[in-house]
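Visitor: I am new to this structure and would like a close look at a single part of it. Could you take one strand and lead me outward from there to whatever surrounds that strand?

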Amino acid sequence: MADDRKYKFSWELLGDIATGRPNLGNKTNLEVYRLLLFTFRDVLESHVGTEMTDRIFYEAGNLSGKEFYANKLTPTNDLGEFVRELQQVLKDMGIGILRLEQADVEAGEFVLTVSEDLDCSGLPELDHEVCVYDEGFIAALLESFSGMKFKVKEIDCWCTGDRTCRFSAKAVKAEP
């Protein structure tokens with residue numbers, strides 16, 4: 001990719017919200033966030049198709065997860081500490097309520113749920129999961145914590161009739 005990119009991400013691009021929004025602060029209506037998300041997705045899909053749009057959203061979520069870990073979480077080697085802090089930060093920021101349902105650290109396999117998910121809770125039922133961005137986000141969080149690459153797949157979603165989003169995370173083993 002060329003070095004002349006106009007919008008290469010850095011945490012500083014999020015700006016100084018206290019200075020820039022002295023009256024409105026850090027709060028907005030969730031509908032506005034979802035309006036941005038789903039119109040962006042719609043336009044991307046019309047230009048590059050569903051598969052590429054999903055790939056872009058997964059990669060964007062992955063970049064977001066890396067930056068989120070680096071800027072919002074305290075590095076630790078303790079899974080319990082990592083999960084407790086992540087749960088608190090996600091809840092405090094109104095992103096969702098995280099629960100670790102299963103953890104096989106040796107195998108690098110986890111099942112996590114996110115209730116009251118920012119992206120989808122309350123959406124109409126569809127015939128597919130919609131939290132591709134979250135998949136990349138969670139993969140990067142786990143990668144940043146463990147140092148291992150992860151593949152994350154949503155297995156239950158509000159949009160498929162479940163009332164929580166459930167994700168299967170598996171470490172990607174290096175091929176011999």
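Guide: What follows is a walk that begins at one strand, passes to its partner strands, and then goes on to the helices and the core.

Please keep in mind throughout that this is a predicted model. The part I have chosen is strand β4, which covers residues 165-171. Of the 7 residues of β4, 6 are buried, so the strand is largely enclosed by the rest of the structure.

Two strands are paired with β4. On one hand there is β2, joined to β4 by 6 bridges in an antiparallel arrangement; on the other there is β3, which also runs antiparallel to β4 and is joined to it by 6 bridges. Ser-168 shows both pairings in one place, since Ser-168 in β4 is the bridge partner of Val-111 and is likewise the bridge partner of Lys-153.

Another residue of β4 that deserves attention is Arg-166, which is the bridge partner of Thr-113. The side chain of Arg-166 makes a polar contact of 2.8 Å with the side chain of Glu-101. When neighbours within four places in sequence are left aside, the contacts of Arg-166 include Val-111, Leu-112 and Thr-113, and they also include Lys-153, Glu-154, Ile-155 and Asp-156.

Lys-153, which has now appeared twice, lies in strand β3, residues 150-156. With a relative accessibility of 44%, Lys-153 falls between the 20% below which a residue is buried and the 50% above which a residue is exposed, and therefore counts as partly exposed. Beyond four places in sequence, Lys-153 is in contact with Arg-166, Phe-167 and Ser-168, and also with Glu-129 and Glu-135. A further relation in space is that to Gly-136, whose C-alpha is 8.8 Å from that of Lys-153, although the two residues are 17 apart in sequence.

Turning to the other partner of β4, we find that strand β2, residues 109-115, is mostly covered, with 5 of its 7 residues buried. Besides its pairing with β4, β2 pairs in the antiparallel sense with strand β1, residues 97-104, over 7 bridges. Here Asp-104 stands opposite Glu-109 of β2, and the hairpin formed by β1 and β2 has 4 residues between its strands, with Gly-108 taking a positive phi near 70 degrees.

From β1 and β2 the path leads to helix α4, because the buried residues of α4 pack against both of these strands, as well as against α3 (50-72) and α5 (132-146). Helix α4 takes in residues 79-92, and its 14 residues reach 20 Å from first C-alpha to last, close to the 20 Å expected at 1.5 Å a residue. Its buried residues are Leu-79, Phe-82, Val-83, Leu-86, Val-89 and Leu-90. They are on the same side of α4, because the arc they cover around the axis is only 135 degrees. The face turned away from this buried side carries Arg-84, Lys-91 and Asp-92, which are exposed. At the start of the helix, a side-chain oxygen of Asp-78 comes to within 2.9 Å of the backbone nitrogen of Gly-80, and just after the helix Gly-94 takes a positive phi of about 70 degrees.

Two of the buried residues of α4 lead us on to the core: Phe-82 and Leu-86 are among the residues with the most contacts inside the largest nonpolar core, which has 38 residues. Our starting strand β4 supplies at least two residues of this core, as do α2 (30-48), α3, α4, β2, α5 and β3. The largest share, 7 residues, comes from α5. Cys-120 is also among the residues with the most contacts in the core, and beyond four places in sequence its contacts include Cys-165 and, farther along our list, Arg-34.

Arg-34 is one of the buried residues of helix α2, together with Leu-37, Arg-41 and Leu-44. They lie on the same side of α2, because they span an arc of only 105 degrees around its axis. These buried residues pack against α3 and α5, while the opposite face carries exposed residues, including Glu-31 and His-47.

Conventions
Residues numbered from 1 in each chain as written. Predicted model: local features only at pLDDT ≥ 70, side-chain atom pairs only at ≥ 80, totals over all residues. Heavy atoms only, no water. Buried < 20%, exposed > 50% of the residue type's maximum accessible area, 1.4 Å probe, protein only. Contact = heavy atoms within 4.5 Å. Pairing = 2+ DSSP bridges. Expected span 1.5 Å × (residues − 1). Arc of directions from axis to C-beta. Polar contact = N/O pair within 3.5 Å; in protein donor to acceptor, adjacent residues only side chain to side chain. Core = buried A, V, L, I, M, F, W, Y, C linked by side-chain atoms within 4.5 Å.
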